[in-house]
Structure formats: structure tokens, C-alpha cells
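Open your viewer, switch on a cartoon view and keep the selection box within reach. We will go stop by stop, with something to select each time.

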Amino acid sequence: IEYNPALMANTKNIETRVNFGLPFGYIDEGTMNMFSFYGVVPFCNRGYAGIDYLAGVIMGGNVPFLFREGAIGFSYNRFNVLDLYYEQVISFAYAKNLDDYISKGARISAGVKFNLYNLGLIPNPDTQVNPYLGDKLTAWGFGLDVGVTYDFSYTIRLGFTIQNLI
């Protein structure tokens, strides 16, 4: 999900990752920190009732094409400078395994990720008296990442991604 959203398509299990770090832990005495959370949920019924099962129940037994052999993902990343500045990214991703849909024997996956970016200054005496800032201490933006992978074999995979397409 972090680098190429198409890589999520072949996920077989629910996966999560949580990180916390101090980028300059021994230098800045902990005033900077980073936190991230990643989660991926596959659309598969390989031994458990997944999202495809739920979609099939809602659709009367037919699993829609979008909910077969793929995954959805979510991530949250935050960088903090204590009492001064923060930036965060909230991402939603979708990936689909396109094996045999494009051509027989093709092992292709595609994915897309929508990002919400938020930057801001934390209110403190310096930012409150600055006449250029006023009450606008945060800014929001968005971006879109797309990716494709092709598996030549079980050990060789070629991937292509475009980050911040918008």
C-alpha cells in the first residue's frame, strides 16, 4: 500500500502494521516523532468469510466483479514536531487481481490509492501573533496513486507506479 497499491491484490490474509519512531531520537530529545498504521483486507473466501462473502450476501449470491480477488487498504501516517508543526496523510486503497481477465495466462494486478494530505501549525504564542497566518493554521490537499504489477514467475515481478497523479 505504501509504494505500489497493486501489490495488495495478491494478499491472502488480513495484514496490519503499526510503527512509531523518533527520527532523531538521540539528538532532539523526542520533540519529533512519527506514527503510521497500515491495514489490508483481502476479498477472498480462502477459509474465512471475507468482504466478497458479504458482497455476495448483499447481491443475492453473486459476488460482483469488483469484490473478487483483490483487496482494500487503509493507512494513516503522521509526522509531528512537538508544539510547532504536523503533517499527516490518510490513504484509502483498492487493488484488483486481473489474472485471466485481460488475456489467458496473464498475471497482472492493478491498484489505486486516494490520499488526503493535511499540514498544520500547532497554535502557540509564535503562531498566534503572526499577522500573515491569521486563523488559517491548517491546509488540506489530495492526491492519487496508481500502480500495476506483472508476475513473470513466482520469483520475478515487475511493477510500475505513478505517485501523486493529481
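Which residue forms a salt bridge with Arg17? Before you click, note that what you have open is a predicted model. Now select Arg17 and Glu2: these two form the salt bridge, and the closest N and O atoms are 2.9 Å apart. Arg17 sits in strand β1 (residues 15-21) while Glu2 belongs to the segment before β1, so this pair ties together parts that are 15 residues apart in sequence. Turn on a surface and you will find both ends partly exposed: Arg17 has a relative accessible area of 37%, and Glu2 has one of 30%.

**Stop two: the other salt bridges**

A search of the whole structure gives three salt bridges, so there are others to visit. Select Asp145 and Lys113, whose closest N and O atoms are 3.6 Å apart in a salt bridge. Asp145 is in strand β6 (residues 138-151) and Lys113 is in strand β5 (residues 108-121), so the link ties together parts 32 residues apart in sequence. Are these two buried or exposed? Both Asp145 and Lys113 are buried.

Next, pick Asp151 and Arg157, where the side chains meet in a salt bridge at 2.5 Å, N to O. Here the two ends are classed separately: Asp151 is buried, at a relative accessible area of 13%, whereas Arg157 is partly exposed at 44%.

**Stop three: around Lys113**

Go back to Lys113 in strand β5 and show its surroundings. Its relative accessibility is 7%, which is why it counts as buried. What is in contact with Lys113, once its neighbours within four places in sequence are left aside? Select Ile1, Glu2, Pro5, Ser91, Phe92, Ala93, Gly143, Leu144 and Asp145. Two of these names deserve a second look. Asp145 is the salt-bridge partner of Lys113. Ile1 offers its backbone oxygen, which lies 3.0 Å from a polar atom of the Lys113 side chain. Glu2, also on the contact list of Lys113, is the residue you met at the start as the partner of Arg17.

**Stop four: walking from strand to strand**

Return to the cartoon and colour β1 and strand β2 (residues 32-42). These run antiparallel and are joined by seven bridges. To see one pairing, select Asn19 and its bridge partner in β2, Ser36.

From β2, step across to strand β3 (residues 70-81): the two pair in the antiparallel sense over eleven bridges. Phe35 and Arg78 of β3 stand opposite each other here.

Carry on to strand β4 (residues 85-97), which runs antiparallel to β3 with twelve bridges between them. Ala71 and Ala95 in β4 are bridge partners. While you are here, zoom in on the hairpin of β3 and β4, which has three residues between the strands; Asp83 takes a positive phi near 60° in this hairpin.

The next step is from β4 to β5, again an antiparallel pairing, with 13 bridges. Select Lys96 and its bridge partner in β5, Ala110.

**Stop five: a nonpolar patch and a view of Ile72**

Which residues make the nonpolar surface patch of about 840 Å²? Select Phe74, Phe92, Phe114, Phe142, Val148, Phe160, Ile162, Leu165 and Ile166, then show them as a surface. The elements that give two or more residues to this patch are β6 and β7 (157-162). Phe74 comes from strand β3 and is partly exposed, with a relative accessible area of 31%. Phe92 of the patch is also one of the contacts of Lys113.

Ile72 lies in strand β3 too. Ile72 is partly exposed, at a relative accessible area of 34%. Draw a distance from its C-alpha to that of Ile1: the two residues are 71 apart along the chain, and the separation is 9.3 Å.

**Last stop: Asn164**

Where is Asn164? Look in the segment after β7. Most residues other than glycine have a negative phi. Asn164 is not a glycine, yet its phi is positive, at about 55°. With a relative accessibility of 45%, Asn164 counts as partly exposed.

Key. Residues numbered from 1 in each chain as written. Predicted model: local features only at pLDDT ≥ 70, side-chain atom pairs only at ≥ 80, totals over all residues. Heavy atoms only, no water. Salt bridge = Lys/Arg side-chain N within 4 Å of Asp/Glu carboxyl O. Helix = DSSP H or I, 4+ residues; strand = E, 2+ residues; numbered from the N terminus. Buried < 20%, exposed > 50% of the residue type's maximum accessible area, 1.4 Å probe, protein only. Pairing = 2+ DSSP bridges. Polar contact = N/O pair within 3.5 Å; in protein donor to acceptor, adjacent residues only side chain to side chain. Contact = heavy atoms within 4.5 Å. Patch = residues over 30% accessible without salt bridge, like charges linked within 9 Å, V, L, I, M, F, W, Y side chains within 5 Å. Areas by Shrake-Rupley, 256 points an atom, 1.4 Å probe, with all protein chains shown as cover.
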